[in-house]
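Open the model in your viewer and keep the selection panel at hand. We will go stop by stop: select, look, move on.

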Amino acid sequence: MIDHAEKAAEFIRDEPRTDWHDESLWFIRHKRDKASQDVPEWEQLRELASGIKDNVLSELDHYLEQFEANALQNGVQVHWATDAAEHNRIVHSILKKHGVSRMVKSKSMLTEECHLNDFLAEQGIEVVDTDLGERIIQLREEPPSHIVLPAIHLKKEEIGALFHEKLQTREGATDPGYLTEAARGHLRQKFVEAQAALTGVNFAIAETGGVVVCTNEGNADMGVHLAPVQIHCMGIEKIIPKAEHLGVFIRLLARSATGQPSTIYTAHHHRPRPGAEMHIVIVDNGRSAQLGRSDFRNSLKCIRCGACMNTCPIYRRSGGHSYGYTIPGPIGSILTPGIDLKAYSDLPFASTLCGSCSDVCPVKINIHEQLFRWRQIIAQEGYLPSGKKRALAWFGKIMARPAWFRFTGKVARLALRILPRPFLYNRFNEWGKARELPEAPRESFQEWYKKNRR
Amino acid sequence: MKVGLFIPCYIDQFYPQVGIATLELLEKLDVQVEFPANQTCCGQPLANSGSEQEAEPAYHHFVDLFHHFDHIVMPSGSCTYHVRKHYDRIEQTAEVQHVRKNTLDLSEFLLDVLNLQSLNARFPYKVGLHQSCHGLRGLRLGPDSEQNLSRPSKIQTLLNMVDGIELVDLSRPDECCGFGGTFAVGEPAISVKMGKDRIADHESKGVEVITAGDMSCLMHLEGIIRRQGKQMKVKHLAEILNGVQL
Ligand code: SF4
């Protein structure tokens, strides 16, 4: 069970660091605002993107088959994986066939979700993440804390220390330029040695059978261009019907993610290079189950821009690791209950339902409404903590009985007025740990009204 | 036009002055307003905690009390949003539909129904407006910083009718205060941190009074302000519009 509140409390204990984390992400959210304001038709674009994805989800089977047929025609080898284990096995079998012992991999949240690195390491294959942020967390042996900025939780001093230990950079060096250059040199070697390259997929075009990969570092392209075997792993929801739809998503993606007009590299892969092999692995891993849940299916529209994380006031103050899943933040909190309701039953409650995520989302996923819906299911399935359950049942009874309501209110106000502080402020009072309780008036509004207006 | 006044449960118990201000303001504007006895709660705290089902008796109770009014007015964007949006799970009788359609936040009623143009109120202070999320993003009472749509802000429009008021610009104009109902006690660390950060934003702009359309946000912020021994005050929108003085 993930205890989000506990992990968040731990994170916040270092308040200056929490402020730094919050500010870093707010800065990106702010850049996103400015970039989106430069596009007068921004809201129409969101509407359009959402509509295209609605269509994709309602005809996903058809588009997937079309995509496969076109990819096969292009000479690509297409594989289907029901779950993470099958995905990992498929990738491994491709690598084994070619005797690959070293592979480079650009950012792919899907392979994080499937824990591919660990699996391949057990098979004796070295996987090097070539996205700088991913490489950093790989060297630290920890999961990403953000889907676009995997190492956003780390300060440059920490990265300097890590690089000093692992890449022999100068002790105490924190200059981002210097550290990036060192990582580049280190990665270059890995690119040259790699016998295979794996990338994630941002968009898979049914009409052409090609995949599109968006990065800022060009690392995905470098890997693919150098290695004799290229593998692209994608969830079934990455499909878009036509190449002409790409423009809608490309305009939204980078602006929403980082406030850039587009990512630096937008690579289109359609067919293997002469003498090389190209594979696409299409993965379900719980997605079709989510597709079957009418209240939650449109969570599959997600284009993984990370904007809902950057805007989320809770994510910014609790960090990605507090969610205990590869995809944290608001979108993670509506995806995870579909994966394991009990284990992640805390996450839909890690929200004030402020709705900022839904309004920032470039494909208009009604994230906060889905959080509300998951809460209902979690309560129905009996996964609320028992104390909370009792309190709610009690509250429900009172609220349907006006006389009880008035009586309880009166007693509570009286207690607030006459009880000495230690009775009111103790370890059972979560409200009162850092906040005063409201001052209790002698008269409720109802009592006042009776006296003054009747 | 018959108007039914609903006073949310926590306002009834802890902030009667907000209920009084709402009532007096409506009376001053010659609204025939009635406050039906026996009201309790709109059911939102239950539903937001996953217990929609347990909230149903409260929904029926609310509809029974209010369906014969032309408008149901309340000084809370959050409760208004709840009635309009979440009373969809009980049978949609004519009464329920009527109630859902005609339940209005105070600011909506003043501007959209009464067409209010001016007010006789003075509040010569530096005021920071806290945009309560359910009013802002649920009822769309104003533009939010996420969407690129221009819509006038109802609450600001009303505050601008008040004499002497100085509304400040915040660096984060519509970030959540961290109250969130049971979130406030379920995730107390983040809830308080969010509140502290909001207060700091207002404080850095020299705000003397924080106002909002929802008292629940203000209850949370006030709890932190008082614990920290700060001088800032909180006042509900209705109080300022009704001419409250510090
Ligand atoms: S849910 Fe929306 S905002 Fe969040 S990552 Fe996905 S596309 Fe971006």
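Helices here are DSSP runs of at least four residues, and strands are DSSP runs of at least two, numbered from the N terminus. Keep in mind that this is a predicted model.

**Stop 1: chain A as a whole**

Select chain A. By that definition, chain A has 22 helices and ten strands. Now turn the chain around. Its C-alpha trace spans about 90 × 55 × 45 Å along the principal axes. How many of the 454 residues of chain A count as buried? The share is 58%.

**Stop 2: around the ligand**

Stay in chain A and show the ligand. Select its surroundings in two groups. One group runs through A:Cys302, A:Ile303, A:Arg304, A:Cys305, A:Gly306 and A:Cys308, which are among the residues that surround the ligand. The shell also includes A:Ile331, A:Cys361, A:Pro362, A:Val363, A:Ile365 and A:Ile367. Colour the shell by residue type. Ten of its residues are nonpolar, one is polar and one is charged. The charged one is A:Arg304, because Arg counts as charged. The polar one is A:Gly306, because Gly is counted among the polar residues.

**Stop 3: two salt bridges in chain A**

Select A:Arg29 and A:Asp33. Their side chains form a salt bridge, with 2.9 Å from N to O. Both belong to helix H2 (residues 15–37) of chain A. They are four residues apart there, so about one helical turn separates them. Is A:Asp33 buried or exposed? A:Asp33 has a relative accessible area of 6%, so it is buried. A:Arg29 is buried too, at 2%.

Next, select A:Glu43 and A:Arg46. This is another salt bridge, with an N to O distance of 2.6 Å. The two residues sit in helix H3 (residues 42–58) of chain A. Here the spacing is three residues, so again the separation is about one helical turn. A:Glu43 is buried, with a relative accessible area of 10%. A:Arg46 is buried as well, at 1% relative accessibility.

For the wider count, a search of the whole structure finds 54 salt bridges over all chains.

**Stop 4: a nonpolar patch**

Switch to a surface view of chain A. Select A:Leu414, A:Ile418, A:Leu419 and A:Phe423. Together they make a nonpolar surface patch of about 400 Å². Pick out A:Leu414, which lies in helix H20 (residues 402–418) of chain A. Its relative accessible area is 41%, so A:Leu414 counts as partly exposed.

**Stop 5: a sheet in chain B**

Move to chain B and show it as a cartoon. Find the open sheet of four strands, in the order E2-E1-E3-E4, with parallel pairing. Which strands are at the edges? They are strand E2 (33–34) and strand E4 (103–105) of chain B, and each pairs on one side only.

Now select strand E3 (residues 71–74) of chain B. E3(B) pairs with E4(B) in the parallel sense over three bridges. E3(B) also pairs with strand E1 (residues 3–5) of chain B, again parallel and over three bridges.

Zoom in on B:Ile72. It stands opposite B:Gly4. It also stands opposite B:Thr103 in E4(B). One residue along, B:Val73 has B:Leu104 in E4(B) as its bridge partner.

Turn on the side chains of E3(B). B:His71 and B:Val73 point one way, while B:Ile72 and B:Met74 point the other way. Why the switching? In a regular strand the side chains alternate between the two faces of the sheet. All four of these residues are buried.

**Stop 6: a salt bridge in chain B**

Select B:Arg172 and B:Glu175. Their side chains meet in a salt bridge of 3.2 Å, N to O. Both residues are buried.

**Stop 7: far in sequence**

Select B:Glu24, in helix H2 (residues 16–28) of chain B. B:Glu24 is partly exposed, with a relative accessible area of 30%. Now add B:Asn242. The two are 218 residues apart along the chain, yet their C-alpha atoms are separated by 7.1 Å.

Finish at B:Gly181, in the loop between strand E6 (166–167) and helix H10 (183–186) of chain B. B:Gly181 is partly exposed, at 33% relative accessibility. Add B:Gly43 and check the distance. B:Gly181 and B:Gly43 are 138 residues apart in sequence and 12 Å apart in space, C-alpha to C-alpha.

Methods:
Residues are numbered from 1 along each chain as its sequence is written. Chains are lettered from A and ligands numbered from 1 in the order in which they are written. This is a predicted model: local features need pLDDT of at least 70, side-chain atom pairs count only at pLDDT 80 or more; totals for chains, interfaces and linings use all residues. Side-chain values use heavy atoms; hydrogens and water are left out. A residue is near a molecule or strand if one of its heavy atoms lies within 4 Å of it. Patches are made of residues with over 30% relative accessible area and no salt bridge: like charges are joined within 9 Å, nonpolar side chains (Val, Leu, Ile, Met, Phe, Trp, Tyr) within 5 Å. Accessible areas come from the Shrake-Rupley method with a 1.4 Å probe; for residues, only the protein chains shown count as cover. A salt bridge is a side-chain nitrogen of Lys or Arg within 4 Å of a carboxyl oxygen of Asp or Glu. Buried means under 20% relative accessible area, exposed over 50%, partly exposed in between (1.4 Å probe, protein chains only). Two strands pair if DSSP finds at least two bridges between them.
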